[in-house]
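Q: Please take a close look at the nonpolar core of this protein. I would like one connected account of what builds it and what lies apart from it.

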Amino acid sequence: MAGTALMVAVTLPGEAGAGEPADRRTSAGAAQQDAVPPEGIVETAPTEADQGVGSDPLTDDELKRAERIAETRALRSDARDVDGDRGPQRLSTNLSEPAPDDTAPQRRADVVFYDYKTDAVITKTVNLTTGKVEQTDVAHGVQPPPSQEELREAAQLLIADPLGADLKNDYRHATDKELSGPAQLELSGMIFRKETFRQVPSGLADCGEHRCLRVVAKVRNGPWIDTRSLVVDLSARTVSRLG
């Protein structure tokens, strides 16, 4: 009987949980919820190494070296960029995938240019260890995504063209200011692919061989402006309307 009484005395309070009365447990939980977390600490970002390791993204130093090595003297002399100036238009620089038979993988970068003189995509593979161009590929009729420089030039052509009147009117309506250049807009865009349309204007017949963009424009800190029906041929430096 003494043993049974002791068991009852021990087990009955267990209904509150963890062997303590319910009112004490509730007050403890409330205190934890009301506790103020410590303030965060802003730490200085670690210094980036000059050379990455393995599949690490290219460092800033590697990007600069790869682009400097890839843009050879002959390429600077012969090619033209989106503005028509001497030298190719750089599109992107990315870490190369290692070759399957590469027993000692070295870091390489693929630097992609567009030559507006010949409408060619030029890809140079740079070995970042040896500092040499290992491979050069030239392709026509291939259109990688546009760079920001190309989007700005396309917007500039659009603003200066009579077909850009609606864009300027919409900008004036949204801001009460005149649109004079691409710096007043937030720009994105895509390559125009004529094969996705049943009919295209004659001015866009060369798109695919030429570099043609559809520009998506947005007022800075403001609304979008619908320019989907307009296509800029950067190779011919002309603007056309779809539909």
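A: A nonpolar core here is a set of buried Ala, Val, Leu, Ile, Met, Phe, Trp, Tyr and Cys residues joined through side-chain atoms within 4.5 Å. The model is a predicted one.

The largest such core has 27 residues, and those with the most contacts inside it are Leu167, Leu187, Val232 and Leu234. Helices and strands both feed into this core: α5 (148–160) and α6 (165–175), together with β2 (108–115), β5 (185–191), β6 (212–219) and β8 (230–233), each supply at least two of its residues. The largest share, six residues, comes from α5.

Val232 shows some of these surroundings in detail. Leaving aside residues up to four places away in sequence, Val232 touches Ala154, Leu157, Leu158, Arg211, Cys212, Leu213, Thr238 and Val239.

Apart from the largest core lies another one, of 11 residues, including Ala66, Leu75, Ile122 and Leu128.

The strand β3 covers residues 120–127 and pairs with β4 (residues 132–140) in the antiparallel sense, over eight bridges. The two strands form a hairpin with four residues between them, and Gly131 in the turn has a positive phi of about 75°. Asn127 has Lys132 in β4 as its bridge partner.

Open space is a separate matter. The largest pocket has a volume of about 180 Å³. Its lining consists of Gly54, Ser55, Leu95, Ser96, Glu97, Pro98, Pro105, Gln106, Arg107 and Arg108. By class, three of the lining residues are nonpolar, four polar and three charged.

Note on methods:
Residues are numbered from 1 along each chain as its sequence is written. This is a predicted model: local features need pLDDT of at least 70, side-chain atom pairs count only at pLDDT 80 or more; totals for chains, interfaces and linings use all residues. Side-chain values use heavy atoms; hydrogens and water are left out. Two strands pair if DSSP finds at least two bridges between them. On a 1 Å grid over the protein atoms alone, a cavity is a set of points where a 1.4 Å probe fits but cannot get out, and a pocket is an open set with protein on both sides within 12 Å along at least five of seven lines; lining residues have an atom within 4 Å of a point. Grid points are joined across faces, edges and corners, and a volume is the space filled by probe spheres set on the points. Ala, Val, Leu, Ile, Met, Phe, Trp, Tyr, Cys and Pro count as nonpolar, Asp, Glu, Lys and Arg as charged, and the others, Gly among them, as polar. Buried means under 20% relative accessible area, exposed over 50%, partly exposed in between (1.4 Å probe, protein chains only). Contact means heavy atoms within 4.5 Å.
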